[in-house]
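Trainee: I would like to work through the side-chain contacts in this model. Where do we begin?

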Amino acid sequence: MLRVGLTGGIGAGKSTVARRLAEHGAVLIDSDKIAREVVEPGTEGLAEIAAAFGDDVLTADGALDRGALAAKAFVDDESRRKLNAILHPRIGARTGELMSAAAPDAVVVHDIPLLVEGGLAPMYHLVIVVGAPEEVRLRRLVDTRGMTEADAKSRIALQATDEQRRAAADVWLDNSGSQDIVLADVDALWADRLLTFEANIRLRRPRPPMSPKVVPYDETWPAKAERAIARIKLAAGERAVRVDHIGSTSVPGLPAKDILDLQLSVSTLADADAVADALSDAGFPRATGDWEDDPQDGEATWPKRFHFGADPARPVNLHVRSEETGAARLALLFRDWMRAHPDERDAYGELKLRLADAHAGDGTTEAYTDEKQEWINGAFRRAEAWHR
């Protein structure tokens, strides 16, 4: 099952995207709809709201008077917390029921307006944000929903900023223009990414071999790494000692293959095995076979566990290493030393570009990796001297 979080600011057109995904076959879970269901007449939720805020928040026929409730529940933080304590557990329980009822091969799209505000992004394999400039959203709210401009601006101000949403977004869908454009983007996203992503997780399918194509440093790599790290931390739980962005994409200015190298440090390899299924379910399937890090200074090889990122549009190598070996420390040392020495970074970048060009037609990175190992071994020695 693929869990997709769908969000966007008021007036951005999130519902348009949700409907299109549902047309393709996604299982749509609408948070706003659930929030209404849990306070329908006759529910425990509505009875508890009336007990907490008074019977005058009910209409004559026993339904919730949302305006009357808002006048009482949003006057201060204590009242807001009281309302949330009633609603959120019920909304969460119902959402969990709907998630559990979905088929094992489903693409579940959770339409949740306050995903970013609630810090919920790591709970999903992918976060889609629907965006539009504020002036476009204001016009839509005034023209199609009948809001006053002041009310529309007030509601927008209460929500996350575009900057905050972009930080959480794995996919940003611009819905500022013609509806046909955003629908075409959704169609491509479904066909090219979501279906393959779901199958990769369910089938524990490894990433196919890639040629050693090296590209210029990408300023978006750190933010993409942070989103993946948050998911890994959530999946690994207390067994995670730390999770880090390592490798070439973690060094500003260094050309690299467009593959994020991440490292999960655990206490023992038994911990690595214990979290393997959780990591696989979170979108990082475990690779089969035995994986080892090269020895340093006469030591024996260092066993590790290796996981791939299942997202076809965001390649990830996840190295799960025990702190009982020296490999986890060495990966961090190499990164920090390279960041502190631009001359070494540039020399390494030139080597990578030359070797990548020489092996562009290989269809695998094996020879490329082997030929740069001698330089890396020398770099490890220089990094250790710098550390001392």
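Mentor: Begin with a cut-off: a charge sits over a ring if NZ of Lys or CZ of Arg is within 6 Å of the ring centre and within 35 degrees of the ring normal. Keep in mind that this is a predicted model.

Trainee: How far is the charged end of Arg 166 from the centre of the ring of Trp 172?

Mentor: The limit to the ring centre is 6 Å. The charged end of Arg 166 sits over the ring of Trp 172. Its distance from the ring centre is 3.8 Å.

Trainee: Which residue lies over the face of Phe 53?

Mentor: Here the charge must come from Lys or Arg. The distance from the ring centre of Phe 53 is 5.2 Å. The residue is Lys 82.

Trainee: Phe 53 leads to the largest nonpolar core. Which element gives the most to this core?

Mentor: The core has 29 residues, and Phe 53 is among those with the most contacts inside it, as are Ile 49, Leu 64 and Leu 83. The elements that give two or more residues are α3 (44-53), α4 (66-73), α5 (77-101) and β4. With five residues, the top contributor is α5.

Trainee: How many residues does the other core have?

Mentor: This core lies apart from the largest one. Among its members are Val 4, Val 17, Val 171 and Trp 190. The count is 24 residues.

Trainee: Now the aromatic pairs. Is the pair of Phe 334 and Trp 337 stacked, edge-to-face or tilted?

Mentor: By the ring rule there are seven aromatic pairs. The ring centres of Phe 334 and Trp 337 are 6.1 Å apart, and the planes meet at 45°. Planes under 30 degrees apart count as stacked and those over 60 as edge-to-face, so the pair is tilted.

Trainee: Where do Phe 334 and Trp 337 lie?

Mentor: Both residues are buried. They are three residues apart, about one turn of the helix. That helix is α13 (residues 327-340).

Trainee: What is the angle between the planes of Tyr 348 and Trp 375?

Mentor: These two rings are 4.8 Å apart, centre to centre. Their pair counts as stacked, and the limit for that is under 30 degrees. The angle is 5°.

Trainee: How many residues apart are Tyr 348 and Trp 375?

Mentor: The pair links distant parts of the chain. Tyr 348 is in helix α14 (residues 342-358), and Trp 375 is in helix α15 (residues 366-387). The separation is 27 residues.

Trainee: Is Tyr 348 buried or exposed?

Mentor: Buried means under 20% relative accessible area. Trp 375, at 21%, counts as partly exposed. Tyr 348 has 3%, so it counts as buried.

Trainee: Which residues do ring pairs link into a cluster?

Mentor: Both pairs we discussed contribute members, as the cluster includes Phe 334, Trp 337, Tyr 348 and Trp 375. One further residue belongs to it. That residue is Phe 380.

Trainee: On to His 125. Which residue's backbone oxygen lies 2.6 Å from a polar atom of its side chain?

Mentor: His 125 lies in the loop between β3 (107-111) and β4 (126-131). With a relative accessible area of 3%, His 125 is buried. Beyond four places in sequence, His 125 touches residues including Met 1, Asp 170, Phe 197 and Ala 282. The backbone oxygen belongs to Asp 281.

Trainee: How many residues apart in sequence are Arg 204 and Asp 281?

Mentor: Their side chains meet in a salt bridge of 2.5 Å, N to O. Arg 204 lies in the loop between α9 (179-202) and β6 (214-215), while Asp 281 is in helix α12 (residues 276-281). The pair therefore ties together parts separated by 77 residues.

Trainee: Is Glu 23 buried or exposed?

Mentor: Glu 23 meets Arg 20 in a salt bridge of 3.4 Å. Arg 20 is partly exposed, at 24%. Exposed means over 50%. At 60%, Glu 23 is therefore exposed.

Trainee: How many salt bridges does the structure hold?

Mentor: One of them joins Glu 97 and Arg 94, at 2.9 Å. Others share partners and join Arg 242, Asp 244, Arg 335 and Asp 336 into one network. The total is 28.

How values were computed
Residues are numbered from 1 along each chain as its sequence is written. This is a predicted model: local features need pLDDT of at least 70, side-chain atom pairs count only at pLDDT 80 or more; totals for chains, interfaces and linings use all residues. Side-chain values use heavy atoms; hydrogens and water are left out. Rings of Phe, Tyr and Trp (its six-membered ring) pair if their centres lie within 6.5 Å; planes under 30 degrees apart count as stacked, over 60 as edge-to-face and the rest as tilted. Helices (H or I, at least four residues) and strands (E, at least two) are DSSP runs, numbered from the N terminus. Buried means under 20% relative accessible area, exposed over 50%, partly exposed in between (1.4 Å probe, protein chains only). A polar contact is a pair of N or O atoms within 3.5 Å; within protein, one must be able to donate a hydrogen and the other to accept it, and residues adjacent in sequence count only if both atoms are side-chain atoms. Contact means heavy atoms within 4.5 Å. A nonpolar core is a set of buried Ala, Val, Leu, Ile, Met, Phe, Trp, Tyr and Cys residues joined through side-chain atoms within 4.5 Å. A salt bridge is a side-chain nitrogen of Lys or Arg within 4 Å of a carboxyl oxygen of Asp or Glu.
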